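Guide: Choose one part of the model, and it will be looked at closely.

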Amino acid sequence: SKNKDFVLSVEGLTVSFDGFKAVDDLSLYVEEQEIRVIIGPNGAGKTTVLDLICGRTKATNGSIKFKQKELTKLKEHQIVHAGVGRKFQNPSIYEDLSVFENLEISYPRGRNVWGALTFKRDEAVHAKIMEIAEMVFLSDKLNDQADLLSHGQKQWLEIGMLLIQDPELLMLDEPVAGMSVAERKQTAQLLQSITKQRSVLVIEHDMQFVEDIADRVTVLHQGKVLSEGSMQRVKNDPKVVEVYLGH
Ligand code: ADP
C-alpha cells in the first residue's frame, strides 16, 4: 500500500533559453514510494526537467520542493546532499576499479556510523556494500574489475553507487536503453525494490517497460504536461495519441 505524501512538489516550473521555453509552467507531484515515468517526444523537455530538479540547470521561474525543502536556490552538491540522486544515460563508473571498490568509493564520507568525518572502512560500510551489491545483482561480481561487466551490469553498478548514498528520490535517464530482455526484467525488479523505501523518477522511451514499471506516467509535450495518470489512461488519451502519431 502506497503512502500519499509527496516527496517532490514542482510548481510553475519554467526555464527559458534565449526566450524559448523548454519547460513551461510545469507542475509535477511525486509521491513517496512511487515510480513515476516521464515520457514524451524528443525535445519535449524531459531531460531539462531532471536537470532543473538536480540543479544542473537553474529555473527562470517556479518552485521545486523536496520534502518541504526548496531546491531552486541550492547548488548541485547541496541537492545531492538533500537526498536527490541522478543517473545519466552513460554510466560514470570507475572502469579500473572492482565492483566492490566502486561501491566503497561512493559511500558518503563523513556519514559513517561512528560519525567520523573521514572515510572509515568498518563493518557497517562493508555490510552496506554487500546489501547494495545484492540489490543490484552484483554479489558474485564484487572482485571483478568494472570494465569486465556487461552494459546492463554497468548500469546497475551505477545505480548501486547512487543507492549507497541513500537518496530518497532517484532520477534515472533511460535506464534500460541497450539492455537485453532479461536485464530489463531485472531492472524492473530493481526499481520495485528501490521504491520500498524511496521514490523513482524515470525518463523512458521503451513503452513496454513503462507499462511494466510505472505507477503513474506524465506525458510532456513542448515543455508542458499533456496528460498524466496510469499508463492505461494516458495511452488512450486522444491528445497523447495525436502527439505520438504525428511523429
Ligand atoms: P527531451 O529530453 O524531452 O528530448 P530536452 O529537455 O533535452 O528534451 O530539450 C527540450 C528543448 O530545450 C529542446 O528544444 C532543446 O533543444 C532545448 N534545450 C535544452 N537545453 C538547452 C540549453 N542548455 N540551451 C538551449 N536550448 C536547450
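Visitor: I would like a close look at the helix packing. Is the crossing of α3 and α5 left-handed or right-handed?

Guide: The crossing of α3 and α5 is right-handed (the near helix is turned clockwise from the far one by less than a right angle; anticlockwise would be left-handed). The model is a predicted one: local features need pLDDT of at least 70, side-chain atom pairs count only at pLDDT 80 or more, and totals for chains, interfaces and linings use all residues. Residue numbers start from 1 along each chain, in the order in which its sequence is written.

Helix α5 covers residues 151-163, and its axis lies 8 Å from that of α3, at an angle of about 30° (axes are lines fitted to C-alpha atoms, for helices over the stretch in contact, and angles between N-to-C directions run from 0 to 180 degrees). α3 and α5 are therefore roughly parallel to each other (under 35 degrees; over 145 is roughly antiparallel, 65 to 115 roughly perpendicular, the rest oblique). From α3, V99, N102, L103 and S106 make the contact, and from α5, L157, G160 and M161 do (C-beta atoms, placed from the backbone, within 7 Å). This contact of α3 with α5 holds 4 nonpolar residues, 3 polar and no charged ones (Ala, Val, Leu, Ile, Met, Phe, Trp, Tyr, Cys and Pro are nonpolar, Asp, Glu, Lys and Arg charged, the others, Gly among them, polar).

α3 (residues 99-106) also packs against α4 (residues 123-135), where the axes come within 10 Å and cross at roughly 120°. That angle makes α3 oblique to α4. The crossing of α3 with α4 is right-handed. On α3 the contact uses V99, F100, L103 and E104, and on α4 it uses I129, I132 and A133. By class, the contact of α3 with α4 has 6 nonpolar residues, no polar ones and 1 charged. V99 and L103 of α3 thus appear in the contact with α5 and in the contact with α4.

Another helix, α1, runs from residue 46 to 53. Helices (H or I, at least four residues) and strands (E, at least two) are DSSP runs, numbered from the N terminus. α1 lies across β3, β6, β7, β8 and β9, at about 145° to β7. Helix α9 (residues 238-245) also packs on the sheet, touching β9 and β10, and its direction makes about 125° with that of β10.

The open sheet with these strands has 6 of them, in the order β6-β7-β8-β3-β9-β10, with mixed pairing (strands pair if DSSP finds at least two bridges between them). β6 and β10 are at the edges with a single partner strand each, so one side of each has no neighbour in the sheet. From one strand to the next, the twist averages 20°. Within this sheet, β7 (residues 169-173) and β8 (residues 199-203) are parallel and share 5 bridges, and M171 has L201 in β8 as its bridge partner. β9 (residues 216-221) and β10 (residues 224-229) are antiparallel and are joined by 5 bridges, with H221 opposite K224. Their hairpin has 2 residues between the strands, and Q222 there takes a positive phi near 50°.

A second open sheet has 4 strands with antiparallel pairing, in the order β2-β1-β4-β5. In it, 5 bridges join β1 (residues 6-17) to β4 (residues 61-66), and L8 faces F66 in β4. α1 packs on this sheet as well, touching β1, β2 and β4, with its direction at about 65° to that of β2.

Terms used: Two residues are in contact if their C-beta atoms, placed from the backbone, lie within 7 Å.
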